[in-house]
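User: I am new to this structure and would like a close look at a single part of it, with its surroundings explained step by step. Please take me through how that part is packed.

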Amino acid sequence: MHMHGLIHRCRPLRVLLVLALVAGPVSAQDIVRGARLFSDTQVVTGRAVGNCIACHADLDALREMIRNRGGRVDDARSVRNLIDRSIAGAQPGAANAKAQYRGVLTPQDLRDLAAYLTRAARG
Ligand code: HEC
């Protein structure tokens, strides 16, 4: 089957899939889509916004920042809420960088991004 071939050719995808299976309730689709949203935000949303990765290429640094802002990096809900507040302008440090996503990122986008940042960026 097509998916089978894809998983064999694409090692990162396979790693994410294994992580997702271990993670339980977070589906592989969320994490893979979250990874794409993070690196190709513009393409996935179809809007002229900055790609997250352009400012947050260092995922460990981003995870550290999430911790410093009171977020729990091992909890997708906590990470999602932090991104949500940040986009809403309630998180002073990132207000200008994040306002561009208002009305662009959907609740599902935030869930997928949080799934990616929580599971795949561990290290
Ligand atoms: C134009 C640069 C830029 C882009 C693009 C960007 N960020 Fe940020 N981000 C920042 C800055 C600046 C901060 C705050 C740094 C500080 O206060 O020390 C930040 C902070 C954060 C934080 C920590 C919480 C907070 O609000 O302080 C998270 C989580 C985050 N960004 C996620 C994302 C995600 C997800 C995307 C893509 C949807 C993204 N960022 C895109 C610049 C950017």
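Analyst: A helix here is a DSSP run of H or I at least four residues long, and helices are numbered from the N terminus. In that numbering, Leu-13 is found in helix α2, which covers residues 11-23. The model is a predicted one, and its protein chain has nine helices and zero strands, so that, read along the sequence, the pattern is α-α-α-α-α-α-α-α-α.

The part to look at closely is the packing of α7 with α9, and it helps to begin with the core around these helices. The largest nonpolar core has 21 residues, and those with the most contacts inside it are Val-79, Ile-83, Leu-113, Ala-114 and Tyr-116. At least two residues of this core are supplied by each of α3 (28-39), α7 (76-88) and α9 (107-119), and the largest share, six residues, comes from α9. In soluble globular proteins, nonpolar side chains tend to be buried together.

Two packed helices are described by the angle between their axes and the distance between the axes. For α7 and α9, the angle is about 125° and the axes are 8 Å apart. Angles from 65 to 115 degrees count as roughly perpendicular and those over 145 as roughly antiparallel, and α7 and α9 are therefore oblique to each other. Their crossing is right-handed.

On the α7 side of this contact are Ala-76, Val-79, Arg-80, Ile-83 and Asp-84, which meet Leu-110, Arg-111, Leu-113, Ala-114, Ala-115, Leu-117 and Thr-118 in α9. By type, the residues of the contact divide into eight nonpolar, one polar and three charged.

Tyr-116, one of the residues with the most contacts inside the core, is in contact with Ile-31, Gly-34, Ala-35 and Phe-38, once its neighbours within four places in sequence are left aside.

Returning to Leu-13, this residue is partly exposed, because 17 other C-beta atoms lie within 10 Å, whereas a buried residue would have 20 or more. The C-alpha atoms of Leu-13 and Val-32 are separated by 7.2 Å, although the two residues are 19 residues apart along the chain.

For the protein chain as a whole, buried residues make up 28% of the 123 residues. Among the contacts with a separation of 6 or more, 51% are accounted for by residues 24 or more positions apart.

How values were computed
Residues numbered from 1 in each chain as written. Predicted model: local features only at pLDDT ≥ 70, side-chain atom pairs only at ≥ 80, totals over all residues. Buried ≥ 20, exposed ≤ 12 C-beta atoms within 10 Å, placed from the backbone. Contact = placed C-beta atoms within 7 Å. Core = buried A, V, L, I, M, F, W, Y, C linked by C-beta atoms within 7 Å. Axes fitted to C-alpha atoms, helices over the stretch in contact; angles between N-to-C directions. Parallel < 35°, antiparallel > 145°, perpendicular 65-115°, else oblique. Left-handed = near helix turned anticlockwise from the far one by under 90°. Nonpolar A, V, L, I, M, F, W, Y, C, P; charged D, E, K, R; others polar.
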